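Visitor: I should like to learn how descriptive terms are justified for a protein structure. May we go through some of them together?

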Amino acid sequence: MTDTTGRTDLTGTPGTGPVDRTGTLDEALERLHAAGPERNGWLSNHGPMAVEALVRHGQAPAVHRWLDYYSHKLEDMPAPAARVTAENWHEALGDPRRIADWTMYFEQETAGRPWRDVLTEWWPRLLPGIAAGATHPVIRVGHAVRTLLDGEANAPRIAELAHGLGYWAARHQPLPALQPPASPVPAPSAAAALDAVPPVADQSGGIRDRLAQLTTFPLWPQPFADDPDAARARLAELVRAATHRYATHGHGAPIMLVHAATAPNAVLRTLPALPRDLWHRSLAAAWAASAAVTAAYSPADPVPGTASPSAVSADEIFARAAAHGDDHTIKFTDTALDVGDTTALDAALRSIELNPPAL
């Protein structure tokens, strides 16, 4: 189902979205594909994700200006190291020195086979490393899949999927082995489960240091549903809960906590392109990613925002995010508009309030 603006709702059904008849998205992706997925060693290139959200929400005229601003954050694609093949991919998985090799591998795979077949083959292989790259690889894949589902599967859009999958494979890193939860009783809701996530002991380091401290997550949901439709509904519930939670907890780490919502939403966006028997595994991975970010960055106490969305339309809120220009704010507002209720819109306004403007 879609609302009157063409956005995807939280049933996981792809919407048509605004059709980009200007070619802006494809031009932007072609500009970005000369760059690598990272800069300064491991910070992510958010350009492809941000421009997809901008175009989807009617901000295509602003895309090239935004890219001109963002271009100083782009670095060239690293040089290839050693070719990834169907025989040696296991040894290359999780090796960030092989980013270019992985990208070329997926470019070749998607050139020779339907993109859905490539995604279906690699999704279960990559899911255990969903938190890699601070969840940016799966988010990039989610944006790419949404575009392919909603529009023409042309060369720049298929190449974007290849870049996203290549980044994920190169940065693939599973979370630490966790202990069983203290309580065998599952949390009654996704919101309650996120509230019960124990914070890591030392929140002074970067995300990799914080994720290394993870010990356990609350039980939610239990059992993980084998029914695909139940799994999709629970995943939608998780996206909604994480988005809502940002409205009161985003101040703890305004940039990093957006990923507690945008990562599971990327998985939700991808479900329609996947076989239904992968949906419950996708839910489990999305919960792990959202809980991990929550554990790593949530503050001790909630602080409600001061903005009120009651008199502001969803389109106006996204226009504010676009004018604000911060890539994380744009992507989080895109997810908040997927959720679409008053609390989600309040969370979007909170992200605009908390994150420093880029433009």
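Visitor: Are Trp-102 and Trp-122 buried or exposed?
Guide: In this predicted model, Trp-102 and Trp-122 are both buried. The term requires a relative accessible area under 20%.

Visitor: What makes the pair of Trp-102 and Tyr-105 edge-to-face?
Guide: The ring centres of Trp-102 and Tyr-105 are 5.8 Å apart, and rings pair if their centres lie within 6.5 Å. The planes stand at 85°, and planes over 60 degrees apart count as edge-to-face. The pair of Trp-102 and Tyr-105 is therefore edge-to-face.

Visitor: Where do Trp-102 and Tyr-105 lie?
Guide: Both belong to helix α5, which covers residues 99-112. Three residues, about one turn of the helix, separate Trp-102 from Tyr-105. Tyr-105 is buried, as is Trp-102.

Visitor: What kind of aromatic pair do Trp-102 and Trp-122 form?
Guide: Trp-102 and Trp-122 form an edge-to-face pair, with 5.5 Å from centre to centre and 80° between the planes.

Visitor: Why is the pair of Trp-102 and Trp-122 said to tie together parts that are apart in sequence?
Guide: Trp-102 lies in helix α5, whereas Trp-122 lies in helix α6 (residues 115-126), so the pair ties together parts 20 residues apart in sequence. One aromatic cluster includes Trp-102 and Trp-122 along with Trp-89, Tyr-105 and Phe-106. The count of aromatic pairs comes to 14.

Visitor: Why is α5 called oblique to α8?
Guide: Two packed helices are described by the angle between their axes and the distance between the axes. The axes of α5 and helix α8 (residues 155-171) cross at roughly 140° and come within 8 Å. Angles over 145 degrees count as roughly antiparallel, and those from 65 to 115 as roughly perpendicular. The angle of roughly 140° falls in neither class, and α5 is therefore oblique to α8. The crossing of α5 past α8 is right-handed.

Visitor: Which residues make the contact of α5 with α8?
Guide: On the α5 side they include Trp-102, Phe-106 and Glu-107, and on the α8 side they include Ile-158, His-163 and Leu-165. By class, this contact of α5 with α8 has eight nonpolar, four polar and one charged residues.

Visitor: Why is Met-104 called partly exposed?
Guide: Met-104, also in helix α5, has a relative accessible area of 34%. Buried means under 20% and exposed means over 50%, so Met-104 is partly exposed. The C-alpha atoms of Met-104 and Arg-83 are separated by 8.2 Å, although these residues are 21 residues apart along the chain.

Visitor: How do you know that His-249 is buried?
Guide: The relative accessible area of His-249 is 10%, and the term applies under 20%. His-249 is therefore buried. His-249 is found in helix α11 (residues 228-249). Leaving aside residues up to four places away in sequence, His-249 touches Leu-257, Pro-299 and Pro-302.

Visitor: What makes α2 and α15 oblique to each other?
Guide: Helix α2 (residues 47-56) and helix α15 (residues 327-339) pack at about 50°, with their axes 9 Å apart. Angles under 35 degrees count as roughly parallel, and roughly perpendicular begins at 65. The angle of about 50° fits neither, and α2 and α15 are therefore oblique to each other. The crossing of α2 past α15 is left-handed. The residues of the contact of α2 with α15 divide into five nonpolar, no polar and four charged.

Definitions and conventions: Residues numbered from 1 in each chain as written. Predicted model: local features only at pLDDT ≥ 70, side-chain atom pairs only at ≥ 80, totals over all residues. Heavy atoms only, no water. Axes fitted to C-alpha atoms, helices over the stretch in contact; angles between N-to-C directions. Helix = DSSP H or I, 4+ residues; strand = E, 2+ residues; numbered from the N terminus. Left-handed = near helix turned anticlockwise from the far one by under 90°. Nonpolar A, V, L, I, M, F, W, Y, C, P; charged D, E, K, R; others polar. Phe/Tyr/Trp six-rings, centres within 6.5 Å; stacked < 30°, edge-to-face > 60°. Buried < 20%, exposed > 50% of the residue type's maximum accessible area, 1.4 Å probe, protein only. Contact = heavy atoms within 4.5 Å.
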